[in-house]
Each structure stands twice: as structure tokens, then as C-alpha cells.
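This briefing is meant for a reader meeting the structure for the first time. Please keep the sequence and the model in view while going through the points below.

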Amino acid sequence: MVIRKYRPSDCRELAELFYQTVHTVNAADYTKEQLNAWAGGNVDLPAWNKSFLEHITLVAVEGGRITGFGDLDPPGYLDRLYVHRDFQRQGVASAICGALEQAAGMNTITTHASITARPFFARRGYIVKRKQRVVRKGISLTNYVMVKYPEKESAPQ
């Protein structure tokens with residue numbers, strides 16, 4: 001597996017990977033209605049490309065195939081982390097997340113983890129700050145605001 005920087009030519013494939021992952025991997029934790037609100041299949045590709053270029057965006061590739069991607073904005077918000085349904089539990093998310101955490105250096109990282117992703121982030125040392133309900137296209141979804149503090153800094157009391 002190779003972890004490389006995002007290229008604008010990746011955008012369409014990442015949008016498709018996002019849709020397929022949400023609708024398969026997250027299907028055990030969310031209703032069909034919630035999955036459609038979260039990932040309706042109509043990603044604004046120019047907007048995604050712009051955000052990917054503004055963030056630290058990494059893509060995992062194996063055998064010429066994109067297996068996952070993740071991005072972190074400059075203040076330290078881990079926005080997206082998705083792994084292709086056929087490459088789950090093979091270390092792809094860990095490799096991408098590890099590289100993003102390293103790129104963040106000594107900054108605190110925050111993410112909004114799905115019900116599905118919460119255990120993954122917890123194993124990596126992220127702490128649940130709060131459970132929240134977000135509304136997408138009029139549909140309520142549950143996720144968790146999770147934070148990872150730099151190793152030399154302890155969580156605020």
C-alpha cells in the first residue's frame with residue numbers, strides 16, 4: 001500500500017468511494033433514509049476538489065486502485081476518512097489516519113465520528129467529547145465529536 005498526496009484527478013473516484021462506503025460499511029448503524037441523506041450520490045466535485053486542495057489530503061493506493069482517503073484541515077479538523085468496502089480491516093484507515101496525525105504535529109485533532117467509526121478512533125486515543133445529532137437534508141443522524149490531544153499534552157480537566 002502506498003499513501004500519497006491527493007491529485008485533482010482523484011476527486012471523482014473519491015466521491016464514488018465515499019458513496020459506496022457509506023452505503024455498505026455504515027449500513028449496520030444507520031437507516032437507508034439516513035444513508036441517503038449523508039451520501040446522496042450528488043457530490044459537488046468542484047467544492048470537494050477545492051477542500052481537498054486546501055487540506056492535507058492523503059490517498060491510499062494498492063495495485064493501482066484507490067483503497068481509501070482522508071483529509072485534515074489546517075486548524076486540525078479531520079474531515080473525511082473513508083476506506084473502500086473491499087479493503088476494510090486491512091490497515092488502510094490506520095495508515096491514512098497515522099499519516100494525517102503525524103502531519104498535524106503537536107496540534108489537537110478533532111473529528112465528527114460516525115457510530116461505525118467511533119471504536120476505530122477510540123482505539124487511536126480519541127476521546128468522545130459529546131454525542132450529537134446532526135441534520136442532513138432534513139434527516140437526523142447521530143455522530144460523536146471526538147478529540148485527540150498531542151501525546152505530551154493531557155486532556156483539559
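Which residue in E7 is the bridge partner of His 112? In this predicted model, that partner is Val 145, and the points that follow begin with the sheet in which E7 takes part before turning to one residue of that strand and then to the helices.

**The sheet**

- Seven strands make up an open sheet of mixed pairing, and their order across it is E1-E2-E3-E4-E5-E7-E6.
- Strand E1 (2-5) and E6 stand at the edges with a single partner strand each, so one side of each has no neighbour in the sheet.
- On average, and with direction ignored, neighbouring strands of this sheet are turned by 30 degrees against each other.
- Strand E2 (residues 56-62) and strand E3 (residues 65-72) run antiparallel and are joined by seven bridges, with Ile 56 standing opposite Leu 72 in E3.

**Strand E7 and its partners**

- Strand E5 (residues 109-114) runs antiparallel to E7 and is joined to it by six bridges, while strand E6 (residues 127-136), also antiparallel to E7, is joined to it by nine.
- Arg 136 has Ile 139 as its bridge partner in E7, and in the hairpin of E6 and E7, where two residues lie between the strands, Lys 137 takes a positive phi near 50 degrees.
- E7 is mostly covered, since nine of its ten residues are buried.

**Lys 148**

- Lys 148 belongs to strand E7 (residues 139-148), and Lys 148 counts as buried because its relative accessible area is 17%, which is under the 20% cut-off.
- The side chain of Lys 148 makes a polar contact of 3.2 Å with the side chain of Glu 101, and a polar atom of the Lys 148 side chain lies 2.9 Å from the backbone oxygen of Arg 124.
- Leaving aside residues up to four places away in sequence, Lys 148 touches Glu 101, Thr 108, Ile 109, Arg 124, Gly 125 and Tyr 126.

**The helices**

- Helix H4 (residues 92-104) lies across E1, E2, E3, strand E4 (77-83), E5 and E7, and runs at about 30 degrees to E3.
- Helix H1 (residues 11-25) packs against helix H3 (residues 45-54) at an angle of about 100 degrees, with the axes 10 Å apart, which means that H1 is roughly perpendicular to H3.
- In that contact, Cys 11, Arg 12, Leu 14, Ala 15 and Phe 18 of H1 meet Leu 45, Trp 48, Asn 49 and Phe 52 of H3, and these residues divide into seven nonpolar, one polar and one charged.

Definitions and conventions. Residues numbered from 1 in each chain as written. Predicted model: local features only at pLDDT ≥ 70, side-chain atom pairs only at ≥ 80, totals over all residues. Heavy atoms only, no water. Axes fitted to C-alpha atoms, helices over the stretch in contact; angles between N-to-C directions. Helix = DSSP H or I, 4+ residues; strand = E, 2+ residues; numbered from the N terminus. Parallel < 35°, antiparallel > 145°, perpendicular 65-115°, else oblique. Contact = heavy atoms within 4.5 Å. Nonpolar A, V, L, I, M, F, W, Y, C, P; charged D, E, K, R; others polar. Buried < 20%, exposed > 50% of the residue type's maximum accessible area, 1.4 Å probe, protein only. Polar contact = N/O pair within 3.5 Å; in protein donor to acceptor, adjacent residues only side chain to side chain. Pairing = 2+ DSSP bridges.
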